[in-house]
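Visitor: Please select one part of this model and describe it closely, strand by strand where that applies. I should like the cut-off behind each term to be stated as it arises.

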Amino acid sequence: MEPTTSVPGTQAIARAARLLRLVTAAGSDGASLQELATAADLSRSTAHRLLSALKSEGLVDRDGASTRWMPGPELFLMGSVAAARYDVTALARDIVRSLAVKTEESAFLSVRRADETVCLLREEGSFPIRSFVLSEGVRFPLGVASAGLAILAFLSDHDVDAYLERHPELEGSWGRAHGQRPLRTRLAETKERGYAVNPGLIVEGSWGLGAAVFDRSGRPEWALSLTGVAFRFGPDRMAELGRTLLAHAHQLSARISSTRR
């Protein structure tokens, strides 16, 4: 995420926001206090204090039987209001479904949120062997999954440089392929090709393709992506998948441009 400023109270707000993102990313199963504290790099006592404050506001809830933390009712109400401005899933749903039908692979819509992508939609393909790396609510840093690689590739050079400067931990967290030099190479290849390729860098044997979706000003704010098992992404078929993916991404960009005022 982008660095916070020195405004009083910023650290507490940033920590609470981080916990909120972690709780929502955990999905319907929720997350334990220890899991959240570890992921947020907080002590158990600090994490519990912040979660308790969020619970009192209805932003998170705790299951009485399992004691796991889950999204609260106020998040639903806030999300319903925010969706009118930010949510494009209604515009994208039939396009994502079409992409899954035509390719027989799992298809996704992800949105950029600061330095991450968040999966908004998943549509299963008909091929019986599937990859489960990505599902609704899952977050990845830009440049890691194929959706984030596609978005990062079409940001300005200045934005790319600033992002890589903010996140020197990518190589340590995601492997040598995410060091600056190999990542910049993949970004250049993505820009030239038009779509991103992730050759099993997150989970061995699980490949992904991603194509950026642009807003009215030409900024890459979303991405369509495909995932599947490696043998389904041979050179000849991958070129065909890439063309199909780009066509659907262009269709969604045009739809967003014409309907979002």
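Guide: A residue is called buried when its relative accessible area is under 20%, exposed when that area is over 50%, and partly exposed in between, with a 1.4 Å probe and protein chains only. The model is predicted, so local features are reported only at pLDDT of at least 70 and side-chain atom pairs only at 80 or more, while totals for chains, interfaces and linings use all residues. Residues are numbered from 1 along each chain as its sequence is written, and side-chain values rest on heavy atoms, with hydrogens and water left out.

The part chosen here is strand β8, together with the strands that pair with it. Strand β8 covers residues 220–229, and 10 of its 10 residues are buried, so this strand is largely enclosed by the rest of the structure. Strands here are DSSP runs of E with at least two residues, helices are runs of H or I with at least four, and both are numbered from the N terminus. Two strands are said to pair if DSSP finds at least two bridges between them.

One partner of β8 is strand β3, which spans residues 106–113; the two run antiparallel and are joined by six bridges. Within this pairing, V111 faces W222 of β8. Another partner is β7, which is antiparallel to β8 and joined to it by nine bridges. Here W207 stands opposite G228 in β8. A general point helps in reading such pairs: along a regular strand, side chains point alternately to one face of the sheet and the other.

The connection from β7 to β8 is a hairpin with five residues between the strands, and G218 in this hairpin has a positive phi near 90°. Strand β7 itself, residues 206–214, also pairs with strand β6, residues 196–199, in the antiparallel sense over four bridges. In that pairing, V197 has L209 of β7 as its bridge partner. The hairpin of β6 and β7 has six residues between its strands, and G200 adopts a positive phi near 70° there.

The loop between β6 and β7 also holds V203. With a relative accessible area of 41%, V203 is classed as partly exposed. From V203 to A107 the C-alpha to C-alpha separation is 17 Å, and the two residues are 96 positions apart in sequence.

A residue elsewhere may be set beside these strands. R122 belongs to strand β4, residues 116–123. R122 is classed as buried because its relative accessible area is 14%. Its side chain makes a polar contact of 2.8 Å with the side chain of E124. Such a contact is a pair of N or O atoms within 3.5 Å; within protein, one atom must be able to donate a hydrogen and the other to accept it, and residues adjacent in sequence count only if both atoms are side-chain atoms.

Finally, the whole chain gives the setting. The protein chain has 10 helices and eight strands. Its radius of gyration is 19 Å, close to the 18 Å that the globule rule gives for 261 residues, so the chain is as compact as a globular protein of that length. That radius is taken over C-alpha atoms, and the rule is 2.2 Å times the number of residues to the power 0.38. The C-alpha trace extends about 55 × 40 × 35 Å along its principal axes. Of the 261 residues in the chain, 44% are buried, and in β8 the count is 10 of 10.
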